Amino acid sequence: MAIGNIRRRDGVFPRGALPHSYLTREERFEAEALPHLRALYGTAYRMTRNAHDAEDLVQETYLRAFRAFDRYQPGTNIRAWLFTILHRARTDSFRRQSRSPQTVELTGEGPSVPPSQDALAAGGEEIVRAMEALPEVFRSAVVLRDMEDFTYDEIARILEVPVGTVMSRIHRGRALLRSALVRRSA
Amino acid sequence: MSTTPTPACDGTRVTAYVDDALSAEDRAAVEAHLASCPACRDQEAFERGLRQRMRTLPVPELPASLEARVRRELRRRPVPAAVRWLPLAAGIALAVMWGRGAAPFVAWELARDHAHCFARERLKSEVWTSDSGEIAEWYRQHGTELPVLPSAAGGVELVGGRFCPLLDRKVAHLYYAGEKRHLSVFVVPGPARFASGFVTRTFGENVRLLHTSGMTLALVGEDAEAVDAFHRALSTSRADASSLSVPAVVAR
């Protein structure tokens with residue numbers, strides 16, 4: 001069944017015009033949440049760095065979201081809501097394995113920063129590798145900003161940290177990427 | 001050529017500037033700084049370039065089976081808590097049904113009831129009499145047949161009786177009282193599993209269970225001698241009235 005259309009006994013409703021009261025809870029959830037599967041999987045993959053863990057994380061995210069769906073207010077930002085749940089599921093899985101995402105907070109800029117052109121000359125694969133080498137706290141902030149295009153406020157809610165922390169994580173993340181890319185090209 | 005940030009540079013604010021996350025005032029301040037700082041201009045250029053590169057990176061391919069897997073998981077109804085606990089609940093119910101007939105449990109319940117009733121300042125009684133014939137008649141009118149009972153024995157005499165609710169059944173509770181001693185005689189309907197007799201001390205009381213004329217009779221008292229004496233008197237009255245049969249009691 002296509003995500004876009006939900007078939008009912010009394011007809012087919014195009015997405016966006018779903019008469020919600022006609023739908024079961026599962027149908028409403030699927031219509032609202034499943035369109036974000038690709039984006040969630042993309043971010044889960046960037047966070048876990050492998051397909052297997054990413055699939056598990058996405059599935060866990062959807063199960064949790066479904067259980068909590070009654071608490072979701074229709075019409076609010078479901079995409080940000082789903083990413084918040086994704087991040088929580090990720091944090092909990094760390095807790096279960098009794099490790100924590102690296103919480104390195106770097107200080108200082110370094111004495112000298114090579115020119116940006118050198119860093120940007122890197123190929124796409126090199127950028128991906130540099131991303132994967134980033135500590136997860138910075139990686140998730142950069143992914144949410146630069147790949148998913150969330151605002152600082154949304155990222156703050158998703159990661160459950162203050163906006164100032166989001167700002168500094170994105171800054172540090174990009175700075176680390178820059179040095180990694182320069183080192184590669186050097 | 002390499003550019004070096006100066007102490008006046010605030011890289012974090014430049015990042016926020018690139019992401020359009022500054023107030024108009026801060027934006028203007030950063031723009032003014034950028035105009036005079038090659039290092040920060042370079043950072044800005046890098047971050048804008050990086051954002052563009054990131055958007056064009058290949059997206060991890062969505063596994064074909066993932067959507068189906070998620071849908072399947074969503075459709076799988078969670079087992080309701082009531083159903084999950086059902087086996088345990090059934091187990092407890094079975095244990096209770098079996099356990100409620102166990103002689104030690106019945107004895108414990110009766111000992112508790114005896115202590116409870118006699119602990120009251122005023123004995124609660126539905127019928128007051130010291131005549132065993134009269135009380136038998138009262139219980140008969142209320143649907144319970146009593147065996148032949150002595151009006152007095154072992155230093156206690158009949159004072160009255162009532163029905164007492166136990167956890168799972170209602171029993172006829174006859175009060176006998178003497179000087180500083182109390183004794184209860186219970187007629188217990190329902191299951192009570194023991195062979196010919198059951199003697200125990202539980203809840204601080206001496207309890208004796210007997211099968212007699214197809215019913216279960218119990219004697220409960222804090223004083224073992226009184227219970228003994230009453231039991232002997234009961235056997236005698238059985239001999240007098242042949243309807244009563246009291247089997248030998250397990251020796252203590």
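These are my notebook entries on a predicted model with chains A and B, arranged by what I looked up.

**Confidence**

I began with the scores, and the model as a whole has ipTM 0.79 and pTM 0.55. For chain B I found an average pLDDT of 85, with 90% of the residues scoring at least 70. Going through the elements of chain B, I noted that helix α1 (residues 11-18) has the highest mean pLDDT, 95, while helix α5 (residues 81-84) has the lowest, 74. I then marked residues 242-252 of chain B, where the pLDDT is below 50, although this stretch still has 31 contacts in the model beyond near neighbours in sequence. Where pLDDT is low, the predicted coordinates should not be read in detail. I therefore leave the details of such a stretch alone.

**The contact between the chains**

Next I asked how many residues each chain brings to the contact, and I read 39 residues from chain A and 35 residues from chain B. On the side of chain A that touches chain B, the elements giving two or more residues are α1 (25-33), α2 (37-48), α3 (51-67), α5 (116-120), α6 (124-133), α7 (136-147) and α9 (163-185). Of these, α9(A) gives the most to that side, with 8 residues. I also sorted this side of chain A by class, which gave 23 nonpolar, 7 polar and 9 charged residues.

I looked at α1(A) separately, and in this helix A:E30, A:E32 and A:A33 are buried. What covers the buried residues of α1(A) comes from both chains, and includes α3 and α4 (78-96) of chain A together with α4 (64-75) of chain B.

**Nonpolar cores**

In soluble globular proteins, nonpolar side chains tend to be buried together. With that in mind I looked for the cores, and the largest nonpolar core has 56 residues, those with the most contacts inside it being A:A44, A:L82, A:L86, A:A141 and A:I155. Here too α9(A) comes up, giving the most to this core with 8 residues. I followed A:A141 further, leaving aside its neighbours within four places in sequence, and found it in contact with A:I155, A:L159, A:V166, A:R169, A:I170 and A:G173. Another core, of 35 residues, lies apart from the largest one, and among its members are B:A103, B:V156, B:A172 and B:L234.

**Chain B and its hairpin**

Chain B has 9 helices and 8 strands, and of its 252 residues 29% count as buried. Taking the contacts in chain B with a separation of 6 or more, I noted that 61% are between residues 24 or more positions apart.

I then turned to strands β6 (residues 197-202) and β7 (residues 205-212) of chain B, which pair in the antiparallel sense over 6 bridges. Within this pairing, B:F198 has B:L209 in β7(B) as its bridge partner. The two strands form a hairpin with 2 residues between them, and B:F203 in the turn has a positive phi of about 55°.

**B:V227**

My last entry concerns B:V227, which sits in helix α9 (residues 224-240) of chain B. Is B:V227 buried or exposed? I count B:V227 as buried because 23 other C-beta atoms lie within 10 Å, where the cut-off is 20 or more. Not counting residues up to four places away in sequence, B:V227 touches B:L183, B:N206, B:R208, B:L219 and B:G221. I also checked B:V227 against B:S184, and although the two are 43 residues apart in sequence, their C-alpha atoms are 9.2 Å apart in space.

Definitions and conventions:
Residues are numbered from 1 along each chain as its sequence is written. Chains are lettered from A and ligands numbered from 1 in the order in which they are written. This is a predicted model: local features need pLDDT of at least 70, side-chain atom pairs count only at pLDDT 80 or more; totals for chains, interfaces and linings use all residues. Two residues are in contact if their C-beta atoms, placed from the backbone, lie within 7 Å. Helices (H or I, at least four residues) and strands (E, at least two) are DSSP runs, numbered from the N terminus. Ala, Val, Leu, Ile, Met, Phe, Trp, Tyr, Cys and Pro count as nonpolar, Asp, Glu, Lys and Arg as charged, and the others, Gly among them, as polar. pLDDT is the predictor's confidence in each residue, from 0 to 100. A residue is buried if 20 or more other C-beta atoms lie within 10 Å of its own, exposed if 12 or fewer, and partly exposed in between; C-beta atoms are placed from the backbone. A nonpolar core is a set of buried Ala, Val, Leu, Ile, Met, Phe, Trp, Tyr and Cys residues joined through C-beta atoms within 7 Å. Two strands pair if DSSP finds at least two bridges between them.
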